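Work through the exercises below with the sequence and the model side by side. Each task is followed by a solution in steps.

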Amino acid sequence: MKAVYKHPRGMPDILPGDIGSWHRIEKAVRSTMHSYGYEEIRTPLVEKTALFERGIGEATDIVEKEMYTFPDRKGESLTLRPENTASCVRAAVEGGLLQPGSVHRVWYQGPMFRYERPQLGRQRQFYQTGAEVYGVAGASIEVELILMTAELWRRIGVFDAAQLEINTLGTAEDRAAYREKLIAYFESHTDQLDEDSVRRLTKNPLRILDSKNPDMAKLIEDAPKLADNLSAESKAHFYEVQALLVANGIDATVNNRLVRGLDYYSHTVFEWTTDRLGSQSAICGGGRYDAMLEDFGAKNTPGVGWAMGMERIVALAEALSKDQPEQAIVDGPDAFVICTVKDEAAYPLIVTEQLRRKCPALKIVQNTGAANLSNQLKRADKLNARCVVLIGEEEKANQTVSLKLLDGKNETRTLPQNEAAAVLSSILGS
Ligand code: ATP
Ligand code: MG
């Protein structure tokens, strides 16, 4: 019996037919990161488990139930990264980047792993892109990060479908006082708490506000608000964020229930959502996490960042482009090389290699498999090639090629093989 393998649950393949949207979005990501002066950082897919337990926080969904953790051959506990903020901070500290007074703007992209119940928009391996800034306190860098996400949405073409929610978590001191009130409130309603919330009540009661359990909604709604328990400085910080967003024409809704994933967050947290993707509506989230850097050994180095879910952005961009089918982009070869000389392998290969070397920006694909001229031309059409490079008996004998533009007029011109690259570049515009 043959073995038939399937991908692990929640870890789907992205096949070549689906990669086009990814490439377009990744291109927009790179151009946006470049525009804002962010530099790429790459960290390993696995880290020591303790990094995430500490960096994300023990009373979080991720650490409590979503991590892929395993011992390596020497028994050391490793974890597939469920997110990249803690890894980036670790790398920046370990790499000696965070000298006093220095500022670093970094970005990353890559797969993350969370053991979740797979559903539309929720996978066990999924891709995130994110940006982090080390070494800058204050509201305006938080707003820079939000504005760059907005600009990214514009470049991807999803801006009109994205809504911004913001909140402030104040300082650790603000939260310490508030924590007591929150515990007292939930303790007087223990009968209404679910299992997760009972566990979190003493560990990290703020997390209860993040509960997705609809049965808890009313209880959470009536809970004391952190907003009513902030210091004057924290309030001023948050007002400044709001004023800067208004000055830049970005609408934001204040959502007091937004507490986000990391235990280390303080001051501004934000999330972009969309109403176009059903229940998995969060496309991007971020916030300030100064305390993590302090804890990881970078004294007086503030940190702030965001991460977006690539699958959800891809789905959103695709959903929106379906509204405008005329914008569908077909990514065919620039040139399709066909040869009608029987059993001739060398000449077309040489021609194609030279074209590729001289026109590195062009996509040049050689026909495979024997076929007559008309069938090879049909293949070129089917692939949406922009042009055909034709090699027949005559071309081979004279060391020439014939270029046929597939633009409707389908003109053909024959020219010396060593001139083909320059002509191809000029007619295809690269
Ligand atoms: P959610 O509330 O949907 O679980 P989250 O708060 O756990 O999201 P973050 O840790 O903030 O998500 O990650 C940032 C982004 O990564 C999310 O806004 C989302 O777009 C994406 N994301 C998170 N988990 C998944 C997943 N399991 N599958 C696909 N995308 C995900
Ligand atoms: Mg989650």
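**Exercises on cysteines, cores and one loop residue**

The model is predicted: local features need pLDDT of at least 70, side-chain atom pairs count only at pLDDT 80 or more, and totals for chains, interfaces and linings use all residues. Residues are numbered from 1 along each chain as its sequence is written, and side-chain values use heavy atoms, with hydrogens and water left out.

**Exercise 1.** State how many disulfides (pairs of cysteine sulfur atoms within 2.5 Å) the structure holds, and check C88 and C387.

*Solution.*
- Step 1. The number of disulfides is zero.
- Step 2. For C88, the nearest cysteine sulfur belongs to C284, 15 Å away.
- Step 3. For C387, the nearest cysteine sulfur is that of C359, at 10 Å.
- Step 4. C88 is buried at a relative accessible area of 0%; buried means under 20%, exposed over 50%, partly exposed in between (1.4 Å probe, protein chains only). C387 is also buried, at 0%.

**Exercise 2.** Describe the largest nonpolar core (buried Ala, Val, Leu, Ile, Met, Phe, Trp, Tyr and Cys residues joined through side-chain atoms within 4.5 Å).

*Solution.*
- Step 1. This core has 45 residues, and M292 is among those with the most contacts inside it.
- Step 2. Outside its neighbours within four places in sequence, M292 is in contact (heavy atoms within 4.5 Å) with residues including V89, L262 and Y264.
- Step 3. Another core, apart from this one, has 44 residues, including V29 and I166.

**Exercise 3.** Is E116 buried or exposed?

*Solution.*
- Step 1. E116 is buried, with a relative accessible area of 14%.
- Step 2. Beyond four places in sequence, the contacts of E116 are E66, R122, Q123 and R124.

Methods. Chains are lettered from A and ligands numbered from 1 in the order in which they are written. A disulfide is a pair of cysteine sulfur atoms within 2.5 Å.
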